[in-house]
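Hello,

Here is the structure I promised to pass on to you. Have a look at it first, and then read on for what turned up in it.

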Amino acid sequence: MGEPTIEDYLRENRTFPPPPEFVARAVVADDSIYAEAEADFEAFWARRARETLTWYDDFHTVLEWDLPFAKWFVGGTLNVSYNCLDRHVEAGRGGKVAYYWEGEPGDTRTITYAELLEEVCRFANVLKSLGVQQGDRVAIYMPMIPELPVAMLACTRIGAAHSVIFGGFSPDSIIDRVNDAEAKLIVTADGGFRRGTVSALKPNVDAAIASTPSVEHVVVVRRTENDVSMVEGRDHWYHDLMAEASADCPPVKMDSEALLYLLYTSGTTAKPKGIMHTTGGYLAQVAYTHKVVFDLHPDDDVYWCAADIGWVTGHSYIVYGPLTNGATSVIYEGTPDTPGRDRLWAIVEKYGVTQLYTAPTAIRMFMKWGHEEPEKHDLSSLRLLGTVGEPINPEAWMWYYRYIGGERCPIVDTWWQTETGAHMITPLPGVTTLKPGSATFAFPGIGVEVVDDHGRPVERGGGYLTLTRPWPAMLRGIWGDPDRYRETYWSRFPGRYFAGDGCKIDDDGYLWLLGRVDDVMNVSGHRVSTTEVESALVDHEAVAEAAVVGASDPTTGQAIIGYVILKQRFEPTPELVEEIRQHVAVKIGPTARPRTVVVVPDLPKTRSGKIMRRLLRDVAEGRQLGDTTTLADASVVEEIRQRALEAPQED
Ligand code: WTA
């Protein structure tokens, strides 16, 4: 038996069973699917793949597993855009709304399944007319406008793979990604609206394109009407091409294992990894998890995932899951504070949103802004909430539960990764008794084990999160680099997928994610997770958000430095700062008490909202900053450096 390798300090005893009125209507209302999946996980997934998707040819083999290379639903053929669009229209649901789109300035579009199908067919023909063929890669660099899912779906219709590049990335990031994928064509827009101003996109493509020899054409959607330069023969306006294109474009039969898309994630080295997702397995797991984890009732619900489509969350749970299930979704273009800090809540009220899925980093920002903002709106349409992207601190969970969910909505805290493609650890809202801050249990059919340094399973306490068997939506590799795939995910613990996250198991078998293991601190020989200390800091009533790192310390090896953002109504007096520091000792124990607590106005985050603790370590140790290219706002770090110099040093 394995030994716990990461300390287990935080005790959270509040529990929330599913409300009876929720269970009465729940898509999954009892736990029998866990037993079904455990008895035979391949048969479990095969049944879901057949029930959830429409196949042209049924598969003959559920899984071929040649560790670490998997093939799912072998021999099956299908088309993703057919599953997302045509089959709903053929079933008479063409008039159902696929997307309510809300532009940041307040303009809107309502798009039905029939309209979306027509636009996708036209754009698929546009791609063909520009020479895109089955098997080619298309780069997409766009704001959150309807033409973004249209472009993705058009690729799937003709069997091209897309590579969506988040609209906040720089020309250098475009160059790396386009060249790695050897994309033939880029779909972009003149710009998008963010925080009331135009954020230009086409100029970034122009800056990149001299260095991307594979690109033959650029298609530009007009959104913001900023001036853009168009190169004759290479650059084309979307609306010009669409006006000429036929709306007749039969979907191509694709192999279950055909490449669906690449999505780049940055690793520890500078070169981003092109995570490969294929067709049948990905779509089956994404659609099924979307249905049961969000308790989807497609005829009644208005579902909203407030992520960006440029991240995997948007790929799986704005585009592919909801459309496969025939859901009605909201897409919002802009930032949550434009024109006011209640924009999200205004949108929930306006469309009668029933499920809201967002990130802990956003929830902590809403906490900082105060519950007065959501209280300006009627949020009673909501019946389920979700979170993804980081561990959620119990206090942030409670705030979300109380002020957004009105104490009536279950919260699904979903753990997964770009690499996993779909939810892996999550509650089922009609079945699972929730604990604030715990992602609870592995999804049916998913094998999760926490192991120690030697790869031995840990039954209680903290260790490394691993996955013990293949799953349908798993990455199939890293584009062009099978060795790096094996090395990154399958070598640390032989025979297991290593996610890079710490995790602990409590006495009831609940899973608690502890953050990236690279961030784990070593204080006097105790391995302390950043997540637990951060949760103890956020537990103090004055703290809205916290990040902790270990800085070298002559006596303890590492000492904990806490950076905190205060809620708006609190002043950073030395007494308050000391009280916050002591609060950690009271809440989880003196070993975890930070040596220093620094009040900061903001924290360095990636563009998807994850805290970059690596940069905070550089600040804490007075080092030159490492790579800052993925940072959302570089000025934040300078500000923090100043505050850190002024902060009192405690023992
Ligand atoms: C973290 C986002 C705790 C984790 C879908 C993972 C989480 C990384 C959770 C993947 C969660 C995601 N609780 N941590 N519910 N969800 N993470 O690739 O560290 O952007 O490895 O995928 O986010 O981030 P990615």
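To begin with the domains: the C-alpha centres of domain 1 and domain 2 lie 27 Å apart. Please keep in mind that this is a predicted model. Domain 1 covers residues 294–413, and domain 2 covers 520–646. Where they touch, domain 1 contributes 13 residues and domain 2 contributes 19.

How much area is buried between domain 1 and domain 2? The figure is about 1300 Å², with carbon and sulfur atoms giving 51% of it. On the domain 1 side, R364, K368 and N393 lose the most area to domain 2, and together they make up 37% of what that side buries.

The polar side of this interface may interest you too. Five residue pairs are in polar contact between domain 1 and domain 2, counting pairs with both residues at pLDDT 80 or more. Two elements, α13 (360–369) and α15 (394–404), each give two or more residues to the side of domain 1 that touches domain 2. The largest share of that side, five residues, comes from α13. By type, the residues on this side of domain 1 are five nonpolar, three polar and five charged. The rule finds one salt bridge across the interface of domain 1 and domain 2. R364 also appears in a salt bridge, with its side chain meeting that of E545 at 2.9 Å, N to O.

Helix α15 deserves a second look. Eight of its eleven residues are buried, so α15 is mostly covered. The buried ones are P394, A396, W397, M398, W399, Y400, Y401 and I404. Just after α15, G406 takes a positive phi of about 55°. Helix α17 (residues 530–538) is largely enclosed by the rest of the structure, because nine of its nine residues are buried.

On to salt bridges, of which a search of the whole structure finds 52. One of them pairs R14 with E395, with the closest N and O atoms 3.0 Å apart. This pair links distant parts of the chain, as R14 sits in the segment before α1 (20–25) and E395 in helix α15, 381 residues apart. R14 is partly exposed, with a relative accessible area of 31%.

Another salt bridge joins E36 and R48, whose closest N and O atoms are 2.6 Å apart. Here E36 belongs to helix α2 (residues 32–39) and R48 to helix α3 (residues 41–52), twelve residues apart. E36 is partly exposed at 26% relative accessible area, whereas R48 counts as buried at 5%.

A third example stays within one helix: E639 and R643 both lie in α20 (residues 635–646), four residues apart, about one turn of the helix. Their side chains meet in a salt bridge at 3.0 Å, N to O. Both partners are partly exposed, E639 at 34% relative accessible area and R643 at 29%. Elsewhere, D8, R11, K504 and E532 are joined into one network by salt bridges that share partners.

Finally, a word on E119, which is found in helix α5 (residues 113–129). Is E119 buried or exposed? Its relative accessibility is 16%, under the 20% cut-off, so E119 counts as buried. The side chains of E119 and Y238 are joined by a polar contact of 2.8 Å. Leaving aside neighbours within four places in sequence, E119 is in contact with R109, E147, V150, Y238 and M242.

Best wishes

How values were computed:
Residues numbered from 1 in each chain as written. Predicted model: local features only at pLDDT ≥ 70, side-chain atom pairs only at ≥ 80, totals over all residues. Heavy atoms only, no water. Domains from an automatic or database assignment. Contact = heavy atoms within 4.5 Å. Buried area = accessible area lost by both parts, 1.4 Å probe. Salt bridge = Lys/Arg side-chain N within 4 Å of Asp/Glu carboxyl O. Polar contact = N/O pair within 3.5 Å; in protein donor to acceptor, adjacent residues only side chain to side chain. Nonpolar A, V, L, I, M, F, W, Y, C, P; charged D, E, K, R; others polar. Buried < 20%, exposed > 50% of the residue type's maximum accessible area, 1.4 Å probe, protein only.
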